[in-house]
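Q: Please take a close look at the ligand site of this model. I would like the contacts one by one, followed by an account of some of the helices elsewhere in the chain.

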Amino acid sequence: MEEIIVIGSGCAGMGAAIYAARAGMNPLVLEGSQPGGLLTTTSDVENFPGFPEAVNGFELVWKMREQAQKFGARVESAVVEKVDFSGGVKKLFCLGGKIYEARKIVIATGSSPRMTGAKGEAELYGGRGVSACATCDGAFYRNKDVAVIGGGDSACEEALFLTRFCSSVKIVHRRDRFRASKIMAERVLENPKISPVWDSVLEEVFADESGLCRGIAVKNVKTGAVSEIPCKGVFIAIGHVPNTSAFRGAVDMDAEGYIVPHGGTLVKTDVENVFVAGDCSDKTFRQAVTASAMGCMASILASA
Ligand code: NAP
């Protein structure tokens with residue numbers, strides 16, 4: 001039986017692993033289906049403290065992993081499908097049938113951007129024109145035309161952020177008014193660089209001969225008319241989905257599936273010795289630095 005298992009190998013998981021290893025807990029990290037997590041899909045990370053010249057997302061999280069391993073953390077490839085947290089021994093049932101047992105658990109499984117499923121979206125995702133993070137990738141579209149898909153606060157925030165760099169921002173929303181808060185919607189509508197495309201959904205993302213985004217097709221849901229918008233980038237901002245299905249019924253979650261923190265901390269769950277860190281619980285900040293910090297907090301409390 002393990003002393004502590006960290007589920008997930010992104011910033012939160014590796015933050016937890018570094019602190020658990022240095023506390024002498026000999027952590028085992030189960031890396032999940034996306035080793036390194038969401039950050040590996042980002043190119044330059046310019047806002048992680050300590051890297052004035054920016055750092056590649058993949059490199060950053062891999063350095064965290066090396067750091068954890070240097071202090072003795074072990075990393076195994078396993079995808080947790082189901083858990084039993086009812087007793088003192090926590091059980092993890094993995095894809096392929098392997099079962100892990102541990103006294104303590106840190107859940108750091110992150111979240112995945114909700115995608116539209118439009119044609120070309122998956123193919124051009126991650127550096128070829130489709131992104132789910134303006135903070136991460138917006139600066140690559142300096143003086144370019146871009147589109148944002150969505151009508152909530154995230155979409156508005158992304159659109160406003162992108163106006164810092166981009167020539168124009170089309171915000172494509174499936175209804176004729178924003179879901180976003182009034183203040184965010186007003187800021188968007190008042191911004192001369194942003195123009196809304198109402199009642200429309202993303203149909204397709206087109207690639208140029210180099211395999212980079214050259215534009216999108218959107219369909220008006222009221223008229224059925226399809227039109228093309230030339231743009232070099234498309235930012236999908238229709239929400240995130242926490243990767244927590246394996247823990248349903250085992251720990252307290254909100255209606256959207258985010259794990260709810262307990263005990264006046266950000267990282268304790270309602271189950272003793274089961275902690276949580278990063279985007280599977282945090283829907284507000286969602287930053288590499290905050291996720292790493294939550295991992296740190298989880299392991300400090302786990303080792304207490
Ligand atoms: P959200 O509020 O759930 O908005 C998602 C948006 O995407 C909605 O406009 C929705 O359309 C649209 N959408 C969902 N699925 C879609 C699909 N398959 N195709 C096309 N459009 C789709 O998500 P969010 O904007 O990420 O915000 C999440 C939470 O964080 C919210 O509570 C928000 O207030 C908060 N937040 C706050 C701030 C801030 O205050 N600065 C910033 C970011 C997030 P419908 O409108 O038709 O449902």
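**Ligand site and helices**

A: A polar side-chain atom of Glu157 lies 2.9 Å from a nitrogen atom of the ligand. The model is a predicted one, and each distance here is computed from it. Arg179 also reaches the ligand through its side chain, with a polar atom 2.7 Å from a ligand oxygen. Gly151 uses its backbone instead: a polar atom there is 3.1 Å from an oxygen atom of the ligand. The ligand on its own would expose 910 Å², and the protein buries 68% of that.

The residues around the ligand are Gly151, Gly152, Asp153, Ser154, Glu157, His173, Arg174, Arg175, Arg179, Met184, Ile238 and Gly239. The biggest contribution to this shell comes from helix α4, residues 153-162, which supplies 3 residues.

Next, helix α3. This helix covers residues 134-137 and includes Thr135. Beyond its neighbours within four places in sequence, Thr135 is in contact with Asn47, Glu158, Phe161 and Gln287. Two of these partners, Glu158 and Phe161, fall within the residue range of α4. Thr135 has a relative accessible area of 38%; the partly exposed class runs between 20% and 50%, so Thr135 counts as partly exposed. Glu46 is 89 residues from Thr135 in sequence, yet their C-alpha atoms are 9.1 Å apart in space.

Helix α2 can be described from end to end. At its N-terminal end, Asn56 acts as a cap, with a side-chain oxygen 2.9 Å from the backbone nitrogen of Phe58. The helix has 14 residues (57-70), and at 1.5 Å a residue it should span 20 Å; its end C-alpha atoms are 20 Å apart, so the expected and modelled spans agree. After the helix comes Gly72, with a positive phi near 105°.

Which residues of α2 are buried? They are Gly57, Leu60, Val61, Met64, Arg65 and Ala68. Viewed down the helix axis, these buried residues fall within an arc of 140°, so they line one face of α2. In general, an α-helix has 3.6 residues a turn, so residues three or four places apart point the same way. The buried residues of α2 pack against two helices, α1 (11-22) and α6 (288-302), and against strands β3 (44-45), β4 (55-56) and β5 (74-76).

How values were computed: Residues are numbered from 1 along each chain as its sequence is written. This is a predicted model: local features need pLDDT of at least 70, side-chain atom pairs count only at pLDDT 80 or more; totals for chains, interfaces and linings use all residues. Side-chain values use heavy atoms; hydrogens and water are left out. Helices (H or I, at least four residues) and strands (E, at least two) are DSSP runs, numbered from the N terminus. The expected span of a helix is 1.5 Å times one less than its number of residues. Buried means under 20% relative accessible area, exposed over 50%, partly exposed in between (1.4 Å probe, protein chains only). The arc is that of the directions from the helix axis to the C-beta atoms. Contact means heavy atoms within 4.5 Å. A polar contact is a pair of N or O atoms within 3.5 Å; within protein, one must be able to donate a hydrogen and the other to accept it, and residues adjacent in sequence count only if both atoms are side-chain atoms. A residue is near a molecule or strand if one of its heavy atoms lies within 4 Å of it. Accessible areas come from the Shrake-Rupley method with a 1.4 Å probe; for residues, only the protein chains shown count as cover.
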